[in-house]
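Dear colleague,

I am handing over the structure below, and after it I set out what was found. Please read the notes alongside the model.

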Amino acid sequence: CTGHGVPGAFMSMLGVSLLNEIVNKHNVIQANQVLNELRNEVKRTLKQTGKEGEAKDGMDMALALIDQKNMKMQFAGAYNPLYLFRDGKLHQYKADRMPIGIYIKEKNSFTNHEIDLKPGDSFYIFSDGYQDQFGGDDGGKFKTKRLKDLLTQIHDKPMEEQRGILDR
């Protein structure tokens with residue numbers, strides 16, 4: 001979400017509240033439609049019209065809807081992708097390059113990716129927190145390539161072990 005501290009917390013609370021309403025009250029169950037509705041509601045709630053000088057608060061998001069019975073997943077992303085490991089290979093499902101909120105190059109709809117799942121698949125959705133984390137010997141950002149390399153090295157380990165590695 002836009003900002004740190006109070007502004008980010010406010011946007012997170014707004015996003016969770018709106019998501020609950022969209023999914024539970026309005027029964028929207030298609031991943032891209034959830035993001036479309038969320039974008040519309042954020043713009044309406046924050047009175048975003050795109051005028052000069054107006055706040056451009058918003059959020060990035062990765063959303064996966066899983067149908068375990070039929071082994072299918074829908075994915076839609078606002079800047080944040082989905083990584084799927086199948087048979088040791090990384091498959092990336094790209095997010096749309098627009099946020100949840102007002103955006104000058106906004107498309108009519110977020111993309112809905114439909115994915116057939118197979119036993120043994122591992123998938124990852126995440127914020128930009130890992131890539132943007134500073135540290136290491138050089139004190140620089142972790143970056144996307146290093147995150148992909150790390151996930152490629154650990155994706156076949158038990159999830160609890162992966163969590164420990166990612167936390168470190």
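Contact, as used throughout this message, means heavy atoms within 4.5 Å. The model is a predicted one, in which local features need pLDDT of at least 70 and side-chain atom pairs count only at pLDDT 80 or more, while totals for chains, interfaces and linings use all residues. Residues are numbered from 1 along each chain as its sequence is written, and side-chain values use heavy atoms, with hydrogens and water left out.

I begin with helix H2 and its residue Asn36. Helices (H or I, at least four residues) and strands (E, at least two) are DSSP runs, numbered from the N terminus. Asn36 lies in helix H2 and is buried, with a relative accessible area of 6%, where buried means under 20%, exposed over 50% and partly exposed in between, with a 1.4 Å probe and protein chains only. Leaving aside residues up to four places away in sequence, Asn36 touches Asn108, Ser109 and Phe110. Its side chain also makes a polar contact with the side chain of Gln33, at 2.9 Å; such a contact is a pair of N or O atoms within 3.5 Å, of which, within protein, one must be able to donate a hydrogen and the other to accept it, and residues adjacent in sequence count only if both atoms are side-chain atoms.

The buried residues of H2, among them Ala31, Leu35 and Lys43, pack against H1, strand S1 (58-59), S2, S3 and strand S6 (100-101). Just after H2, Lys47 takes a positive phi of about 55 degrees.

The largest nonpolar core, a set of buried Ala, Val, Leu, Ile, Met, Phe, Trp, Tyr and Cys residues joined through side-chain atoms within 4.5 Å, has 18 residues, and those with the most contacts inside it include Leu35, Val42 and Phe110. Helix H1 (6-25), helix H2 (31-45), strand S2 (61-67) and strand S3 (72-78) each give two or more residues to this core, and H2 gives the most, with five. A second, separate core of 10 residues includes Tyr83, Phe85, Leu151 and Ile165.

Finally, there is an open sheet of three strands in the order S5-S4-S8, with antiparallel pairing, two strands being paired if DSSP finds at least two bridges between them. Its edge strands are S5 (89-93) and S8 (122-125), each of which pairs on one side only. Five bridges join S4 (residues 82-86) to S5, and Phe85 stands opposite Leu90 in S5.

With best regards
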